[in-house]
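Got the model open in your viewer? Grab a cartoon view with side chains ready to switch on, and let's walk through it stop by stop.

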Amino acid sequence: MTRSHRIGAHRAASTVLVTALALGGTLSAGPASAAPQTGSVAATASSAPFRLVDIPMKDGVVLKADVFTPAPGTPGADAQGRYPVVVQPASWGQNDLEYVAQGKQLAAAGYVAVTYTVRGFWLSGGEIDVAGPTDVADISSVIDWALAHTPADPQRIGMVGLSLGGGLTLMGAAFDPRIKAVAALSGWGDLVDSLYSGQTRHLGAAGLLAAIQAPTGRKSPEFARILSDLFADRDMPEVVQWAKTRSPATYLDRINANGTAVFLASAWSDGIFNPSQITSFYQRLTGPKRLELRPGDHATQELTSLLGLPNATWASARGWLDQHLKSSGDRGESVQLEVRPTGAQESYPSWEAASTRTDRLRLGAPNRLGTGTLGGPAGSDWRASVVGGTDSGADGGIVELSGGLDQAIGLPPTVVLPLLPRSAGAVWQSDPYPEAQHIRGAARLHTSITASAPQGTAFAYLYDVDALGVGKLISHAPQSWSGEQPGKAFPLDVQLFATAYDLPAGHRLALVMDTKDPLYGGLTPLGSGVSFGSSATDPAELVLPLH
């Protein structure tokens with residue numbers, strides 16, 4: 001059986017599932033590109049509440065799609081019988097049947113829902129563009145088709161998407177001013193920061209995306225070259241430019257000028273699109289906006305919704321559409337955070353309001369057991385040396401699994417701090433805190449580096465440590481350098497990924513620094529020398545955002 005036949009068989013089998021889940025009426029499939037019928041606007045759509053359709057693009061490529069239409073008499077239509085329309089691009093490696101449960105619910109609530117398989121995946125034509133110019137043009141073509149072939153109101157257009165679909169919704173907000181409201185779930189605002197934050201290649205994320213794509217889609221020559229260069233650490237300026245072109249942050253002026261209402265949802269431990277790039281993107285939006293962050297990994301917080309089960313993130317997204325496509329909406333902003341590990345719910349008027357003060361914790365010299373103080377006096381000049389390119393056992397975890405475990409059972413990546421080899425990682429630890437510490441935001445680390453090689457990567461990990469020395473990962477981040485003079489100290493600053501975490505009373509904070517993490521493509525040569533240091537004139541410190 002050929003690959004195309006396998007994909008077709010899967011879609012056929014999935015259609016059976018769609019029928020079982022979605023149909024309370026008639027299923028229709030046919031040549032949807034035919035000219036619309038005459039008569040009222042509502043008459044331009046098939047009488048079937050659900051149908052599989054082909055949508056032609058301007059370059060002749062055909063995208064596979066499905067449409068849910070409100071039943072006759074469903075509230076929400078205007079005087080001409082038109083309903084608000086929600087366009088849903090499928091996520092990475094998925095097809096248009098992904099959002100059957102959402103489509104059915106949206107139609108029942110008075111929306112036309114059009115979901116399409118992004119070009120290059122499954123039975124849609126073309127090659128994978130990863131939210132590039134061709135994908136962006138497809139968004140407008142799908143909207144054009146919906147206005148011509150469904151009872152869609154041109155004044156009430158929205159988009160919702162997960163993962164790749166989330167990135168596409170934000171690109172749509174930038175390039176099609178007809179779109180009034182979007183909900184980007186586990187998407188990206190800055191693809192450069194997602195794949196290359198801290199000037200470090202996020203190979204775990206890229207590897208998972210490549211593995212999902214291999215059986216489900218067709219790489220364009222450009223994407224194949226970019227992916228190969230990323231893995232090989234080759235032509236990185238070209239990779240960065242490719243990602244910048246596909247970053248909604250590059251076009252924020254367009255989104256703000258359009259006044260699009262933007263809803264963003266992400267997970268604290270998203271191993272593909274880190275939360276810091278989303279909080280940064282959110283802060284630069286000037287129109288109506290809302291941000292929600294919860295425990296979990298990439299797309300895990302939305303997972304139950306794909307089965308039609310109640311889901312807080314999708315409920316918020318629906319509420320956002322209702323607010324901005326069915327009512328007058330507002331021009332305010334709001335932030336909703338679910339705190340790790342307590343599950344406490346907190347609301348703030350802005351992201352900045354979540355942190356009300358900072359605590360500057362100086363890093364002290366390591367003692368004879370190899371552990372320095374965190375939060376004590378800075379002391380004299382010191383260095384903590386490690387063998388470069390070796391893994392201390394402190395790591396960012398496994399993409400999808402680690403954040404998923406944190407979401408499900410409160411188990412993030414864990415270490416036993418006394419057992420970490422000090423030859424591979426430097427360790428600092430605070431005294432037990434008499435009161436709970438409410439960490440809100442992105443911690444910042446400053447230190448100096450002296451290395452035997454001109455290039456390298458440092459990884460910083462912040463842990464919640466209990467009385468037994470067991471540390472649970474609060475946050476981490478990589479930071480690479482190149483072109484430095486061997487043997488000469490230089491400053492290094494690392495901004496850890498944003499989080500909301502309550503450190504219990506009686507627990508300690510610990511900071512671990514090493515030079516290797518399987519999640520990333522580090523630059524530190526194996527066996528080289530790396531020293532982390534501090535001086536009286538340039539003290540090493542961790543700046544902790546607190547509420």
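Start with the aromatic rings: this predicted model has 13 aromatic pairs. For one of them, select Phe 50 and Phe 68. Their rings form a tilted pair, with 4.6 Å from centre to centre and 50° between the planes. Colour by strand and you'll see that the pair links distant parts of the chain: Phe 50 belongs to strand 2 (residues 50-56), Phe 68 to strand 3 (residues 62-68), and the two positions lie 18 residues apart in the count along the chain. Switch on a surface and look for the two rings: Phe 50 is buried, and Phe 68 is too.

Next, select Trp 92, Phe 121, Phe 223 and Trp 242 together. Ring pairs connect these four into a cluster.

**Zoom out for a moment**

Go back to the whole protein. How many helices and strands does the secondary structure come to? The tally is 12 helices and 25 strands. Of the 547 residues, 56% are buried. Looking at contacts with a separation of 6 or more, 76% are between residues 24 or more positions apart. On the outside, the protein exposes about 20,400 Å², and carbon and sulfur atoms supply 56% of that.

**Helix 10**

Now select residues 275-284, which is helix 10; 7 of its 10 residues are buried, leaving it mostly covered. To see which ones, show Pro 275, Ser 276, Gln 277, Ile 278, Thr 279, Phe 281 and Tyr 282 as sticks. What do these buried residues pack against? Their partners are helix 4 (164-175), helix 5 (191-196), helix 9 (252-258), strand 8, strand 9 and strand 10 (333-338).

Look at the N-terminal end of the helix and add Asn 274. This residue caps helix 10, with a side-chain oxygen 3.0 Å from the backbone nitrogen of Ser 276.

Before leaving, click on Tyr 282 and bring up Lys 289. Lys 289 lies over the face of the Tyr 282 ring, 4.5 Å from its centre.

**Strand 9 and Glu 292**

Select residues 289-294 to get strand 9, and pick out Glu 292 within it. Is Glu 292 buried or exposed? Its relative accessible area is 1%, so Glu 292 counts as buried. The strand around it tells a similar story: 5 of the 6 residues of strand 9 are buried, so the rest of the structure largely encloses it.

Which side chains does Glu 292 make polar contacts with? Show Arg 290 and Arg 294. The Glu 292 side chain has a polar contact with the Arg 290 side chain at 2.8 Å, and another with the Arg 294 side chain at 2.9 Å. As a general point while you look along the strand, side chains in a regular strand alternate between the two faces of the sheet.

Now expand the selection around Glu 292. Beyond its neighbours within four places in sequence, Glu 292 is in contact with Phe 263, Leu 264, Ala 265, Ser 266, Ser 316 and Gln 336.

Add residues 261-267 to the view: this is strand 8, which runs parallel to strand 9 and is joined to it by 6 bridges. For a landmark, find Phe 263, which stands opposite Arg 290 in strand 9.

**Strand 20 and Ile 474**

For the last stop, jump to residues 470-481. This is strand 20, and Ile 474 lies in it. Ile 474 has 4% relative accessibility, so it counts as buried. Across strand 20, 10 of the 12 residues are buried, so the rest of the structure largely encloses this strand.

What surrounds Ile 474? Leaving out neighbours within four places in sequence, its contacts are Arg 340, Ile 439, Leu 462, Tyr 463, Asp 464, Thr 499, Tyr 501 and Leu 509. You can also try a distance between C-alpha atoms: Ile 474 and Leu 503 are 29 residues apart along the chain, and these atoms are separated by 9.1 Å.

Bring in strand 19 (residues 456-465), which runs antiparallel to strand 20 with 10 bridges joining them. Thr 457 is a handy marker, standing opposite Ser 480 in strand 20. Follow the chain around the turn: strands 19 and 20 form a hairpin with 4 residues between them, and Gly 469 in the turn has a positive phi of about 85°.

Finally, add strand 15 (residues 414-416), which pairs with strand 20 in the antiparallel sense over 3 bridges. Finish on Val 415, whose bridge partner in strand 20 is Gly 471.

Technical notes:
Residues are numbered from 1 along each chain as its sequence is written. This is a predicted model: local features need pLDDT of at least 70, side-chain atom pairs count only at pLDDT 80 or more; totals for chains, interfaces and linings use all residues. Side-chain values use heavy atoms; hydrogens and water are left out. Buried means under 20% relative accessible area, exposed over 50%, partly exposed in between (1.4 Å probe, protein chains only). Contact means heavy atoms within 4.5 Å. Accessible areas come from the Shrake-Rupley method with a 1.4 Å probe; for residues, only the protein chains shown count as cover. Rings of Phe, Tyr and Trp (its six-membered ring) pair if their centres lie within 6.5 Å; planes under 30 degrees apart count as stacked, over 60 as edge-to-face and the rest as tilted. A charge sits over a ring if NZ of Lys or CZ of Arg is within 6 Å of the ring centre and within 35 degrees of the ring normal. A polar contact is a pair of N or O atoms within 3.5 Å; within protein, one must be able to donate a hydrogen and the other to accept it, and residues adjacent in sequence count only if both atoms are side-chain atoms. Two strands pair if DSSP finds at least two bridges between them.
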